[in-house]
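Work through the following exercises with the sequence and the model side by side. Each task is followed by a solution that proceeds step by step.

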Amino acid sequence: MSNMYLVDLNGKLEAEPIRKGFGRGLLEAGKQDENVVACCADLTDSTQMSLFAKEFPERFTEIGVAEQNLVTVGSGLAAMGKVPFVSSYAAFSPGRNWEQIRTTICLNDRPVKVVGSHAGVSVGPDGATHQMLEDIALMRVLPNMVVIAPCDSVEAEKATLAMAQDKRPNYLRLAREATPIITTAKAPFEIGKAYVFEKGADITLIATGTMTYQALLAADKLFKDGIEAEVIHVPTIKPLDAETILKSVRKTGAVVTAEEGQIIGGLGGAIAELLAENHPAPLKRIGMQDRFGESGAPDQLLEHFGLDAKHIRLAAHAVLGNAII
Amino acid sequence: MGQKLPLERLETIANDIREDIIRMLEHAGSGHSAGPLGLADVFTALYFDIMKYDPKNLTWEDRDILLLSNGHCVPVQYATMAHAGFFDRKELMTLRQLGSRLQGHPERTKLPGLENTSGPLGSGLSQACGMALALRMDKQQHRWIYVVMGDGEQDEGNVWEAAMLASKYKLHNVIAITDRNNIQIDGPTESVMPLEDFKAKWEAFGWHVLEIDGNDIEAVIDACAMGRTIVEKPTMIVAHTIPGKGVDFMEYDFAWHGKPPDHEQAVKALHELRTLGGKIRSEHE
């Protein structure tokens with residue numbers, strides 16, 4: 001399972017929270033461009049903005065627990081030529097301030113970088129209030145908005161640097177828990193591109209964020225079942241790389257999507273829309289099935305809600321069964 | 001702007017702007033009447049005396065910035081901009097029509113010269129804060145950010161989040177003007193959601209507060225000049241205005257907050273504005 005994108009997945013994997021990569025990326029972006037500025041809503045260390053805040057205190061603004069103000073101050077900073085990164089937990093931003101993002105950032109076309117940390121059920125013990133599952137859907141529906149969910153900290157660092165160069169409003173989705181580092185430092189990252197991490201002809205597994213690693217594990221198990229799965233990592237959920245995805249599905253004719261969020265409106269929704277209009281194919285969507293999370297240990301929760309390699313494998317078999325029928 | 005205009009000339013301009021507001025709204029068949037009429041003096045003062053800008057160089061780096069937070073009052077901004085040379089007055093009659101640059105609520109990306117997009121209430125002040133923070137970082141504090149806000153919109157929590165931030169960071173380049181006309185859609189502000197003691201609230205949030213007659217152009221000019229001298233705090237100018245100002249049957253009546261005049265009402269309104277008790281003479285084509 002080794003290629004240009006991935007480390008040797010059979011070796012010992014290092015793990016690190018995806019948000020750590022954002023913290024390093026923001027610091028580097030700040031060094032590269034003096035117009036990069038940052039705002040946070042009382043979660044500077046949790047969102048890893050602290051690295052930037054310490055290095056560039058004059059370019060960092062503490063907003064307090066005020067997420068509506070967070071993004072609208074961001075809009076004002078962008079209006080004056082700044083490249084503002086504004087961060088909080090995803091449950092609060094974009095959870096609470098969607099209208100301000102819609103009007104003052106997307107409709108107003110200001111390149112604010114909204115960063116939502118602690119997304120997904122893997123937030124764990126904090127429970128359903130803090131486990132943001134609807135952010136992809138909320139941001140994907142907005143015209144002008146770019147939606148990015150990196151699969152590990154290495155990719156998050158690259159994504160952050162790419163966002164600092166991008167002239168559009170962006171949303172970056174980050175997770176709290178340590179996630180295995182699967183991509184290499186040399187793996188390319190471009191906004192709007194999907195990457196074929198594993199080649200296969202029998203079924204296409206399409207994953208984003210923390211679930212990409214689970215899709216790769218599922219592909220390994222499927223290989224042992226005699227099924228060659230193609231694994232596509234979709235770090236940019238919008239704009240969706242339709243070409244890469246359709247090329248694969250035209251070959252395999254069967255699809256499973258995987259994400260740590262609501263399938264309604266999320267990656268699963270996006271892929272369903274794409275396929276239904278362009279190349280209908282049997283599809284199963286792994287993700288939150290129109291319900292909220294609850295407190296528990298991250299690993300327990302992922303298994304409880306079916307967000308792991310085991311359930312991706314089962315879904316793949318189900319899809320292929322349907323395909324045969 | 002270049003040389004200062006005499007007060008009498010400014011009052012004539014304000015009256016012409018009111019006439020255009022009536023014509024635009026009647027032609028559009030929808031929109032808000034009371035707020036824009038009440039704000040004509042504030043907008044005349046801003047565009048014809050207070051702000052520095054160049055309608056022929058909209059991205060001039062030293063320009064002052066005006067943010068309209070209560071976007072539904074945008075007809076007064078469109079009419080004032082047309083009079084100030086941003087675009088031809090004929091375009092005013094495209095208000096709210098398909099393909100028009102003059103959207104029902106202001107959209108920056110549609111009409112060059114607008115500095116923000118608004119309509120959903122309560123977000124203008126925080127955008128001003130972001131702009132003022134950027135000015136401070138860039139050491140460009142010779143520029144001013146003016147924000148026109150409604151009073152009803154201050155029911156929104158976002159306003160008070162911004163009020164705290166501006167005070168914390170002493171964003172003295174922000175000069176906010178509240179159109180204190182005491183009406184909102186559902187009725188008087190004090191029955192919908194009481195705002196008083198309004199001045200004390202802003203003072204408690206750490207702002208320098210001035211109270212003026214918002215239909216007195218000279219008072220608006222003076223208050224902004226005063227605001228620019230206050231360097232330790234942001235300034236809030238509470239501009240008491242008469243909703244529907246200049247048209248007797250609209251004045252003080254909250255029913256005119258969100259509707260336009262029909263043809264008969266427009267004719268009556270224009271006649272009133274043209275005479276205004278014989279106080280001024282308006283110039284007409």
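**Exercise 1.** In this predicted model, determine which residues of β11(A) lie on one side and which on the other, and whether they are buried or exposed.

*Solution.* Begin with the general rule that in a regular strand the side chains alternate between the two faces of the sheet. Applied to the strand in hand, one side of β11(A) carries A:A229, A:V231 and A:H233, the other carries A:E230 and A:I232, and all of these are buried, which leaves both faces covered. The count over the strand agrees with this, since β11 of chain A, residues 229–233, has five buried residues out of five. The cut-off used in this step is that a buried residue has 20 or more other C-beta atoms within 10 Å of its own.

**Exercise 2.** Identify the strands that β11(A) pairs with, and state the sense of each pairing.

*Solution.* First take β9(A), which runs antiparallel to β11(A) and is joined to it by three bridges; here A:Y195 has A:H233 as its bridge partner in β11(A). Next take β10(A), which runs parallel to β11(A) and is joined to it by five bridges; in this pairing A:I203 has A:A229 as its bridge partner in β11(A). Finally, follow the chain between the two parallel strands: β10(A), helix α7 of chain A (residues 211–224) and β11(A) together make a right-handed β-α-β unit.

**Exercise 3.** Place these strands in their sheet, and explain why β9 and β14 of chain A each have one side without a neighbour.

*Solution.* The order of the five strands in this open sheet of chain A is β9-β11-β10-β13-β14, and the pairing is mixed. Because β9 (195–198) and β14 (283–288) of chain A stand at the edges and each has a single partner strand, one side of each is left without a neighbour in the sheet. From one strand to the next, the twist averages 25°. Moving along the order, β10 (residues 203–207) and β13 (residues 255–262) of chain A pair in the parallel sense over four bridges, and A:I206 is found opposite A:T257 of β13(A). To complete the picture, add helix α9 of chain A (residues 267–278), which packs on the sheet by touching β10, β13 and β14 of chain A and whose direction makes about 145° with that of β13(A).

**Exercise 4.** Describe the open sheet of chain B by its strand order, its pairing and its edges.

*Solution.* The sheet is open and consists of five strands of chain B in the order β1-β2-β3-β7-β6, with parallel pairing. The edge positions belong to β1 (65–68) and β6 (208–213) of chain B, each of which has a single partner strand, so one side of each lacks a neighbour in the sheet. The twist from one strand to the next averages 20°. As a worked pair, β2 (residues 145–150) and β3 (residues 174–180) of chain B are parallel and share six bridges, with B:M149 standing opposite B:T178 in β3(B).

**Exercise 5.** Classify the packing of α1(B) against α3(B) and against α9(B).

*Solution.* Two packed helices are described by the angle between their axes and the distance between the axes. For α1 (residues 7–28) and α3 (residues 74–83) of chain B, the angle is about 125° and the axes are 9 Å apart, which makes α1(B) oblique to α3(B). The crossing of α1(B) and α3(B) is right-handed, and the residues of α1(B) that meet α3(B) include B:I13, B:I17 and B:L25, while those of α3(B) include B:P75, B:V76 and B:H83.

Turning to the other partner, the axes of α1(B) and α9 of chain B (residues 263–275) come within 10 Å and cross at roughly 175°, which makes α1(B) roughly antiparallel to α9(B). Among the residues making this contact are B:N15, B:R18 and B:I22 of α1(B) and B:H263, B:A266 and B:L270 of α9(B).

**Exercise 6.** Work out how α4(B) lies relative to α5(B), and which element of chain B gives the most to the side that touches chain A.

*Solution.* The axes of α4 (residues 124–137) and α5 (residues 157–168) of chain B come within 8 Å and cross at roughly 25°, and α4(B) and α5(B) are therefore roughly parallel to each other. α4(B) passes α5(B) in a left-handed crossing. On the α4(B) side the contact is made by B:L125, B:S126 and B:C129, and on the α5(B) side by residues including B:N158, B:V159 and B:A162.

For the second part, note that the contact between the chains takes 24 residues from chain B and 24 residues from chain A. On the side of chain B that touches chain A, the elements giving two or more residues are α4 and α5 of chain B, and α4(B) gives the most, with ten residues.

Definitions and conventions: Residues numbered from 1 in each chain as written. Chains lettered and ligands numbered in written order. Predicted model: local features only at pLDDT ≥ 70, side-chain atom pairs only at ≥ 80, totals over all residues. Pairing = 2+ DSSP bridges. Axes fitted to C-alpha atoms, helices over the stretch in contact; angles between N-to-C directions. Contact = placed C-beta atoms within 7 Å. Buried ≥ 20, exposed ≤ 12 C-beta atoms within 10 Å, placed from the backbone. Right-handed = clockwise from strand over helix to strand, strands pointing away. Parallel < 35°, antiparallel > 145°, perpendicular 65-115°, else oblique. Left-handed = near helix turned anticlockwise from the far one by under 90°.
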